[in-house]
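Subject: The structure you asked about

Hello,

Here is the structure, ready for you to open next to your own notes. My reading of it follows underneath.

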Amino acid sequence: APRVPATRLALQNFDMNYSLQFKDAWPSIRVSLLLRAEQKYGALVNNFADVGRVTQELELLNAVDFISEALHKVQRLQRDPVAEQAGREDGASQEAPGEHQAVKQAEAPPPLSASVTSNIKCYTFPRGDVTRFRSARPDILGILNYYLMDAASVLPVLALNIQPNDFVLDLCAAPGGKTLAILQTGFCGHLAANDVSISRTRRLHQILNSYVPKQIREAVCVTSWDGRNWGELEGGTFHKVLVDVPCTTDRHSVMEEENNIFNKRRSKERQMLPMLQLQLLVAGILATKPGGEVVYSSCSLSQLQNEYVIERAVEIAETEFNIGTHVEDLSHFRTLFQDTFSFSSDCRLGELVLPHLTANFGPMYFCKLRRA
């Protein structure tokens, strides 16, 4: 029998599972995932380059820094409390909580003004505009001026809300886009960037070499350990931990044959993903100090790889390690960034950016846990 392409196997799997999960919304999400030409990127500005020049060039292209745009929106809303409440309600979820919801989100989201304090700048083209950014160019010091990535990938880093002198761990750091975004905050007291794959860690080194000055680069501790064991290696050490897990990488899986997790030879690896994700998240919880925060993220739409992993990790942290955690409410992200991204309205825990024809970013799931 002819070999079925992994991309087709992926799409068959998604059609079966996501049509149940998303019901009538799935055809639109499906089309967006499959349209390579419409996929949108963001330009993460490199604060170590000539920022004034880079931002000027991007603004001349009619691109907008979606983060500062959201902060201006906050300031406008704060001057009008009625509008602020309306904005919250616009971004609010209409979900019906599951009957057996074991984990509750924290009751009240923080005030919008406190939710994003960041030096991160990420430019995107407006909704419906599928203009492409050109490749980044080196400045006079040889440092590249911006990094092209799915703009939704910046959201988990914003959710970390890194504060001055925080000790930060990026547990599954390669290829390095989120590590680079963490460095753009300028706040890390210490940054550990880890990835189990030595070849992917090489890619991380390349990105750091291309974007970050030597003295800052040398302060980043890059390792290739199995992240599942991190709690045993350096438990209770970090203020903030990012656990950006290996997943079915849904967009890649329907588009690219190379390195596709739906390849028949990788079926066992794919079936074990939720267990691996769970082990990594538990290790991330163990790596945080009491009062510290963990952001879990994936680029999958699957509840098995998203909410269910969160619920199980909270349970295991409690029963096996006697560590209490609670899920933070990130619904204010929807209020802030609904002009740029299309968010799911029925995510039980955390937030999910859905691919959408006029805002074709994601998928990107992210959820924040606070350790007691």
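Does Gly176 count as buried or exposed? Gly176 has a relative accessibility of 2%, so the residue counts as buried, given that buried means under 20%. Please keep in mind that this is a predicted model.

Gly176 sits in the loop between E5 and H8. Apart from its neighbours within four places in sequence, Gly176 is in contact with Leu204 and Ile207.

Ala173 belongs to the loop between strand E5, residues 166-170, and helix H8, residues 177-184. With a relative accessibility of 4%, Ala173 counts as buried. Its contacts, once neighbours within four places in sequence are left aside, are Thr179, Ala193, Asn194, Asp195 and Leu204. Leu204 is therefore worth finding on your screen, since it appears in the contacts of Ala173 and in those of Gly176, both of which count as buried.

On to the annotation. The unreviewed UniProt entry carries a "binding site" annotation that covers Cys172, Ala173, Ala174, Pro175, Gly176, Gly177, Lys178, Asp195, Asp226 and Asp244. Of these residues, the lining of the largest pocket includes Cys172, Ala173, Ala174, Pro175, Gly176, Gly177, Lys178, Asp195, Asp226 and Asp244. Asp195, one of the residues in the annotation, is also among the contacts of Ala173.

Two other places may interest you.

The first is Thr288, found in strand E9, which covers residues 288-298. Thr288 has a relative accessible area of 0% and is buried. The Thr288 side chain comes to 2.6 Å from the backbone oxygen of Ile285. Not counting residues up to four places away in sequence, Thr288 touches Gly236, Thr237, Phe238, Val241, Glu293, Val294 and Arg371.

The other is Ser32, in helix H2, which spans residues 26-34. Ser32 counts as buried, at 0% relative accessibility. How far apart in space are Ser32 and Pro355, C-alpha to C-alpha? The answer is 5.6 Å, although 323 residues separate Ser32 and Pro355 in sequence. Pro355 is one of the residues that Ser32 touches, along with Arg251, His356, Leu357 and Asn360, when residues up to four places away in sequence are not counted.

If you would like a place to begin, try the loop between E5 and H8, where Ala173 and Gly176 are found.

Best wishes

Key
Residues numbered from 1 in each chain as written. Predicted model: local features only at pLDDT ≥ 70, side-chain atom pairs only at ≥ 80, totals over all residues. Heavy atoms only, no water. UniProt positions renumbered as here; feature names shortened; annotations may be inferred. 1 Å grid on protein atoms, 1.4 Å probe; cavity = no way out; pocket = protein on both sides within 12 Å on 5 of 7 lines; lining within 4 Å. Helix = DSSP H or I, 4+ residues; strand = E, 2+ residues; numbered from the N terminus. Buried < 20%, exposed > 50% of the residue type's maximum accessible area, 1.4 Å probe, protein only. Contact = heavy atoms within 4.5 Å. Polar contact = N/O pair within 3.5 Å; in protein donor to acceptor, adjacent residues only side chain to side chain.
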